[in-house]
Amino acid sequence: MTSLIRHVTVDCTDAHRLATFWAKVLGGSLAEDDVPGDPEATVTTAAGALLFIAVPEAKAGKNRLHLDLQPQDRGRDEEVERLLALGATLVADHRRPDGTGWATMADIEGNEFCVERSAAERAG
């Protein structure tokens, strides 16, 4: 028997705040017992779970691991705009005039992630 990934863990300064952001991004939910000030918070989604754990040090440097998001009900550019409205920032724009490419973004604590084209956009 092999191992399964139970959740992806993210170190952060404010677990509840960052988990709330990612719950909105992914359409997920926080555990019922997660409240502001807790040292950890879990976001559950249809695809899996993210665990946020408060640590004393701030993020330093580029992520060694990041999430690649693929919008399900809208296009890549619409998703980028939605995420900007939630508080994400655009780090690097790799979108090309022909519609290919991706956007590298950062969440509210500076953790990088990418937004790729939707399946419909890839099918073209």
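Q: What makes S1, S4, S3 and S2 an open sheet, and which strands stand at the edges?
A: In this predicted model, the four strands follow the order S1-S4-S3-S2 with mixed pairing. Strands are DSSP runs of E with at least two residues, helices are runs of H or I with at least four, and both are numbered from the N terminus. Strand S1 (8–12) and strand S2 (29–30) stand at the edges; each has a single partner strand, so one side of each lacks a neighbour in the sheet.

Q: How do you know that S3 and S4 pair?
A: Pairing requires that DSSP finds at least two bridges between two strands. S3 (residues 40–45) and S4 (residues 48–54) have six bridges, in the antiparallel sense, and therefore count as paired. Among the bridge partners are Ala-41 and, in S4, Phe-52.

Q: Why is Leu-18 called buried?
A: Buried means under 20% relative accessible area, exposed over 50%, and partly exposed in between (1.4 Å probe, protein chains only). Leu-18, in helix H1 (residues 15–26), has a value of 0% and is therefore buried.

Q: What does Leu-18 touch?
A: Contact means heavy atoms within 4.5 Å. Not counting residues up to four places away in sequence, the contacts of Leu-18 include Val-10, Cys-12 and Phe-52.

Q: Which residues touch the most other members of the largest nonpolar core?
A: A nonpolar core is a set of buried Ala, Val, Leu, Ile, Met, Phe, Trp, Tyr and Cys residues joined through side-chain atoms within 4.5 Å. Of its 21 residues, Leu-18, Trp-22, Phe-52, Leu-83, Met-105 and Phe-113 touch the most other members. H1 gives the most to this core, with seven residues.

Definitions and conventions: Residues are numbered from 1 along each chain as its sequence is written. This is a predicted model: local features need pLDDT of at least 70, side-chain atom pairs count only at pLDDT 80 or more; totals for chains, interfaces and linings use all residues. Side-chain values use heavy atoms; hydrogens and water are left out.
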